[in-house]
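Me: I'm new to reading protein complexes, and I'd like to know where each claim comes from. Can we go through this one together?

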Amino acid sequence: MPEPPSFDEAPLVLRAKAGDDTAFADLVKHYERRIFRLAKNITQNDEDAEDVLQESFMKSYENLDRFQGNSKFYTWLVRIAVNEALMKLRKRKSDKSVSLDEQLDTGEDTLVREIAVWDDDPEQKYSQEELRSILDNAVSSLEPIYSTVFQLRDVDELSTEETAEVLGISVPAVKSRLLRARLQLREKLTRFFQRKGDDVFAYL
Amino acid sequence: MTSLLTCKDFLRELNEFLDPGSTDPAARQELEKHVNECPNCWVVVDTTKKTLKVFKGMQASEVPSRIKDRLMAALERKMASRKPGGCGGGDTHAS
Ligand SMILES: [Zn+2]
């Protein structure tokens, strides 16, 4: 299973807090991709995402002495990035009410429309590059409230509670959005990953 | 015992089913029973597991180098402005 190699941020965080800028730069290099992806998910705009990326690392650098180390540095960084991204959205939409807290969930719609068996290792039909664009497109076609929860919970592997905390939403909201995100992605990926020759059945 | 779980009930509990440890054993048994008897829900479980697996195996895309360079340049300016004396560790602030 292609697990990402485990990375222990703690020694770097300690050194960075003690004033070692090289250590901070290493943290930036390690997390910039994930923060940029998160920023793109929320703002759905490359230009805003670039600003969010920069602001997030600048603020985390400025406030590093306030970081207590009760949570992971990454979780703290995500919280900063989410706030920055929401500020961008508010500015762009000139709408004060933008948050990730909107209750858009209809609850009853379980979003399963198609049933088709997939190949055993469906990703092997595609090159890395093709696969990346399939997955990126699937995620970016979700509403930000779903793609963000999905990224934090299932890709970055934050806990349900951490996800709720960084997004400023309730634990039940995280759970229901995660379910909808997973089912929507499953649905979107079906046409790429279904076993050849099998029919697609409508779900009852 | 007949299972009273409908497909809709099952889907509502799909997360609990996929994240072991979050359901009590009796409820879990009900879910297992449904998925073993219902081909449609079996496919949903299987394909959702595969969905999670492909995403977990995929690293985030590289940040475009223009954006990385801009970020690093901004940070270096900030770092330089914070270290008037050169060596770090001091807590003294001007003004
Ligand atoms: Zn069923």
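Reply: Sure, here come some questions and answers about how the two chains and their domains fit together.

Me: What makes this a model to read with some care?

Reply: This is a predicted model, where local features need pLDDT of at least 70, side-chain atom pairs count only at pLDDT 80 or more, and totals for chains, interfaces and linings use all residues. As for bookkeeping, residues are numbered from 1 along each chain as its sequence is written, chains are lettered from A and ligands numbered from 1 in the order in which they are written, and side-chain values use heavy atoms, with hydrogens and water left out.

Me: How do you know how confident the predictor is in chain B?

Reply: Look at pLDDT, the predictor's confidence in each residue, from 0 to 100. Chain B has a mean of 84, and 83% of its residues reach 70 or more. Residues 86-95 of chain B stay under 50, and the model has 2 contacts beyond four places in sequence for them. For the complex, the predictor gives an ipTM of 0.82 and a pTM of 0.83.

Me: How do you know that chain B is in contact with chain A?

Reply: Contact means heavy atoms within 4.5 Å. By that rule, 43 residues of chain B are in contact with 57 residues of chain A.

Me: What is the area that chain B and chain A bury between them?

Reply: About 4900 Å², with 62% of it on carbon and sulfur atoms. Buried area is the accessible area (1.4 Å probe) that two parts lose on being put together, summed over both. On the chain B side, Phe55(B), Lys56(B) and Met58(B) supply 14% of what chain B buries against chain A, more than any other three residues.

Me: Why is the pair Arg182(A) and Asp19(B) called a salt bridge?

Reply: The rule asks for a side-chain nitrogen of Lys or Arg within 4 Å of a carboxyl oxygen of Asp or Glu. In Arg182(A) and Asp19(B), the closest N and O atoms are 3.4 Å apart, so the pair passes. The count between chain B and chain A is 12 salt bridges.

Me: Which helices of chain B help make the side that touches chain A?

Reply: Helix H1 (7-12), helix H2 (14-18), helix H4 (39-56) and helix H5 (65-82) of chain B each supply at least two residues. H4(B) gives the most, with 13 residues. Helices here are DSSP runs (H or I, at least four residues), numbered from the N terminus.

Me: How do you know where the domains of chain A begin and end?

Reply: The bounds come from an automatic or database domain assignment. Chain A is divided into domain 1 (9-91) and domain 2 (122-193). Their C-alpha centres lie 21 Å apart, and the contact takes 11 residues from domain 1 of chain A and 15 residues from domain 2 of chain A.

Me: What about the area between those two domains?

Reply: Domain 1 and domain 2 of chain A bury about 1200 Å² between them, 50% of it on carbon and sulfur atoms. In domain 1 of chain A, Asn41(A), Thr75(A) and Arg79(A) lose the most area to domain 2, together 38% of what that side buries.

Me: What makes Asp156(A) and Arg37(A) a salt bridge?

Reply: Their closest N and O atoms are 3.3 Å apart, so this pair meets the rule too. Across the interface of domain 1 and domain 2 of chain A, the rule finds 3 salt bridges.
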